[in-house]
Amino acid sequence: MDKLDETVQGLKFAADGLIPAVIVDQETKQVLMVAYMNETSLRETIRTGKTHFWSRSRQKYWMKGESSGHTQDVQAVYTDCDQDTIVFEVVQHGAACHEGYYSCFFRRLTPEGGWDLVGQRVFDPADVYKDKS
(Lines give C-alpha, C1' and ligand atoms only; values in the text may rest on other atoms or scores of the structure.)
Protein backbone atom coordinates (compact mmCIF):
# COMPACT_ATOMS: atom_id res chain seq x y z
CA MET A 1 0.00 0.00 0.00
CA ASP A 2 1.41 3.38 -0.97
CA LYS A 3 0.99 6.70 0.85
CA LEU A 4 -1.97 7.81 -1.30
CA ASP A 5 -3.79 4.55 -0.55
CA GLU A 6 -3.25 5.12 3.18
CA THR A 7 -4.45 8.71 2.88
CA VAL A 8 -7.62 7.82 0.96
CA GLN A 9 -8.39 4.94 3.33
CA GLY A 10 -8.01 7.35 6.26
CA LEU A 11 -10.90 9.49 4.99
CA LYS A 12 -14.34 8.93 6.51
CA PHE A 13 -16.67 8.13 3.65
CA ALA A 14 -20.34 7.90 4.69
CA ALA A 15 -22.20 4.58 4.79
CA ASP A 16 -23.22 5.15 1.15
CA GLY A 17 -19.54 5.38 0.16
CA LEU A 18 -19.61 9.13 -0.47
CA ILE A 19 -17.76 12.09 0.97
CA PRO A 20 -18.78 15.77 0.52
CA ALA A 21 -16.49 17.82 -1.71
CA VAL A 22 -16.49 21.61 -1.39
CA ILE A 23 -15.10 23.32 -4.48
CA VAL A 24 -13.64 26.83 -4.05
CA ASP A 25 -12.02 29.28 -6.43
CA GLN A 26 -8.29 29.18 -5.75
CA GLU A 27 -7.83 32.92 -6.09
CA THR A 28 -10.96 34.41 -4.48
CA LYS A 29 -11.84 31.50 -2.14
CA GLN A 30 -15.47 31.84 -3.29
CA VAL A 31 -17.43 28.62 -2.83
CA LEU A 32 -18.30 27.42 -6.32
CA MET A 33 -20.18 24.20 -5.62
CA VAL A 34 -20.66 21.27 -3.29
CA ALA A 35 -20.81 17.76 -4.68
CA TYR A 36 -20.06 14.20 -3.59
CA MET A 37 -17.23 11.84 -4.40
CA ASN A 38 -16.81 8.13 -4.04
CA GLU A 39 -13.35 6.60 -3.81
CA THR A 40 -13.13 6.17 -7.59
CA SER A 41 -14.01 9.80 -8.36
CA LEU A 42 -11.59 11.05 -5.69
CA ARG A 43 -8.75 8.95 -7.08
CA GLU A 44 -9.54 10.03 -10.65
CA THR A 45 -9.58 13.69 -9.53
CA ILE A 46 -6.15 13.26 -7.97
CA ARG A 47 -4.81 11.32 -10.96
CA THR A 48 -6.04 13.74 -13.66
CA GLY A 49 -6.10 17.08 -11.84
CA LYS A 50 -9.71 17.56 -13.06
CA THR A 51 -12.67 17.21 -10.70
CA HIS A 52 -14.79 14.05 -10.91
CA PHE A 53 -17.87 13.32 -8.83
CA TRP A 54 -20.62 10.84 -8.07
CA SER A 55 -24.10 12.13 -8.91
CA ARG A 56 -26.54 11.04 -6.21
CA SER A 57 -29.56 11.98 -8.34
CA ARG A 58 -28.38 10.27 -11.53
CA GLN A 59 -26.42 7.50 -9.79
CA LYS A 60 -23.60 8.19 -12.20
CA TYR A 61 -19.88 8.99 -12.16
CA TRP A 62 -19.09 12.23 -14.00
CA MET A 63 -16.32 14.71 -14.72
CA LYS A 64 -17.11 18.38 -14.16
CA GLY A 65 -17.38 19.99 -17.59
CA GLU A 66 -17.99 16.81 -19.57
CA SER A 67 -21.16 18.37 -21.04
CA SER A 68 -20.45 22.09 -20.79
CA GLY A 69 -16.69 22.20 -21.26
CA HIS A 70 -16.50 24.19 -17.99
CA THR A 71 -13.81 22.17 -16.27
CA GLN A 72 -12.02 22.66 -12.97
CA ASP A 73 -8.23 22.35 -12.59
CA VAL A 74 -7.35 21.19 -9.08
CA GLN A 75 -4.66 23.27 -7.39
CA ALA A 76 -4.86 22.01 -3.79
CA VAL A 77 -6.76 19.45 -1.72
CA TYR A 78 -7.64 19.78 1.99
CA THR A 79 -9.58 17.78 4.51
CA ASP A 80 -11.14 18.85 7.79
CA CYS A 81 -10.24 17.76 11.32
CA ASP A 82 -12.69 14.82 11.17
CA GLN A 83 -11.53 13.82 7.68
CA ASP A 84 -15.16 13.53 6.55
CA THR A 85 -15.18 16.41 4.05
CA ILE A 86 -12.75 17.44 1.32
CA VAL A 87 -12.09 20.95 0.02
CA PHE A 88 -10.63 21.48 -3.44
CA GLU A 89 -9.11 24.75 -4.56
CA VAL A 90 -9.55 24.99 -8.33
CA VAL A 91 -9.08 27.17 -11.34
CA GLN A 92 -12.59 27.30 -12.79
CA HIS A 93 -12.92 27.41 -16.58
CA GLY A 94 -16.26 28.97 -17.47
CA ALA A 95 -18.95 28.61 -14.82
CA ALA A 96 -19.39 26.03 -12.07
CA CYS A 97 -23.19 26.14 -12.03
CA HIS A 98 -25.31 24.30 -14.60
CA GLU A 99 -27.78 27.21 -14.40
CA GLY A 100 -25.13 29.46 -15.96
CA TYR A 101 -23.73 31.21 -12.88
CA TYR A 102 -20.05 31.27 -11.94
CA SER A 103 -20.95 29.83 -8.52
CA CYS A 104 -23.83 27.55 -7.62
CA PHE A 105 -24.34 29.83 -4.61
CA PHE A 106 -25.94 32.78 -6.41
CA ARG A 107 -28.89 33.30 -4.04
CA ARG A 108 -28.71 35.13 -0.70
CA LEU A 109 -31.38 34.98 2.00
CA THR A 110 -33.05 38.35 2.60
CA PRO A 111 -34.16 39.63 6.03
CA GLU A 112 -37.73 39.05 4.83
CA GLY A 113 -37.02 35.36 4.26
CA GLY A 114 -36.87 35.27 0.45
CA TRP A 115 -33.98 34.82 -1.93
CA ASP A 116 -32.14 37.61 -3.77
CA LEU A 117 -30.10 36.81 -6.86
CA VAL A 118 -26.56 38.00 -6.17
CA GLY A 119 -24.80 36.46 -9.14
CA GLN A 120 -24.86 37.15 -12.84
CA ARG A 121 -25.16 34.51 -15.51
CA VAL A 122 -21.92 33.71 -17.30
CA PHE A 123 -23.64 31.63 -19.98
CA ASP A 124 -27.10 30.68 -21.18
CA PRO A 125 -27.79 27.04 -20.25
CA ALA A 126 -30.11 26.67 -23.27
CA ASP A 127 -27.15 27.37 -25.56
CA VAL A 128 -24.63 25.18 -23.73
CA TYR A 129 -26.90 22.18 -23.17
CA LYS A 130 -29.08 22.45 -26.30
CA ASP A 131 -27.92 19.12 -27.75
CA LYS A 132 -27.92 17.33 -24.39
CA SER A 133 -30.85 15.46 -22.95
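Glu89 is buried in this predicted model, because its relative accessibility is 11% and buried means under 20%. Its side chain meets that of Lys29 in a salt bridge, with 3.1 Å from N to O. The two residues are 60 apart in the chain, Lys29 in the loop between β1 and β2 and Glu89 in strand β6. The briefing below covers the salt bridges, the nonpolar core and the largest pocket.

**Salt bridges**

- The count of salt bridges comes to 7.
- Lys29, the partner of Glu89, counts as partly exposed because its relative accessibility is 45%, and partly exposed lies between 20% and 50%.
- Glu66 and Lys60 also meet through their side chains in a salt bridge, at 3.2 Å from N to O.
- Glu66 is partly exposed at 43% relative accessibility, and Lys60 is partly exposed at 37%.
- Another salt bridge joins Glu99 to Arg107, where the closest N and O atoms are 3.6 Å apart.
- Glu99 has a relative accessible area of 27% and so is partly exposed; Arg107, with 42%, is partly exposed.
- Asp5, Glu39 and Arg43 are joined into one network by salt bridges that share partners.

**Nonpolar core**

- The largest nonpolar core has 17 residues, and those touching the most other members are Ile23, Met33, Met37, Leu42, Phe53 and Phe88.
- Strands β1 (19-25), β2 and β6 (86-92) each supply at least two residues of this core.
- β2 gives the largest share of the core, 4 residues.
- Met37 is one of the core residues that touch the most other members.
- Leaving out residues up to four places away in sequence, Met37 has contacts that include Phe13, Leu18, Ile19, Leu42, Phe53 and Phe88.
- Gly17, Thr45 and His52 are also among the residues that Met37 touches.

**Largest pocket**

- The volume of the largest pocket is about 690 Å³.
- Its lining is made up of 26 residues, and Ser55, Arg58, Trp62, Lys64 and His98 lie nearest the centre of the pocket.
- By type, the lining residues divide into 12 nonpolar, 7 polar and 7 charged.
- Strands β2 (31-37), β3 (52-55) and β4 (60-63) each supply at least two residues of the lining.
- The largest share of the pocket lining, 4 residues, comes from β2, the strand that also supplies the largest share of the largest nonpolar core.

Terms used
Residues numbered from 1 in each chain as written. Predicted model: local features only at pLDDT ≥ 70, side-chain atom pairs only at ≥ 80, totals over all residues. Heavy atoms only, no water. 1 Å grid on protein atoms, 1.4 Å probe; cavity = no way out; pocket = protein on both sides within 12 Å on 5 of 7 lines; lining within 4 Å. Points joined across faces, edges and corners; volume = space filled by probe spheres on them. Nonpolar A, V, L, I, M, F, W, Y, C, P; charged D, E, K, R; others polar. Core = buried A, V, L, I, M, F, W, Y, C linked by side-chain atoms within 4.5 Å. Buried < 20%, exposed > 50% of the residue type's maximum accessible area, 1.4 Å probe, protein only. Contact = heavy atoms within 4.5 Å. Salt bridge = Lys/Arg side-chain N within 4 Å of Asp/Glu carboxyl O.
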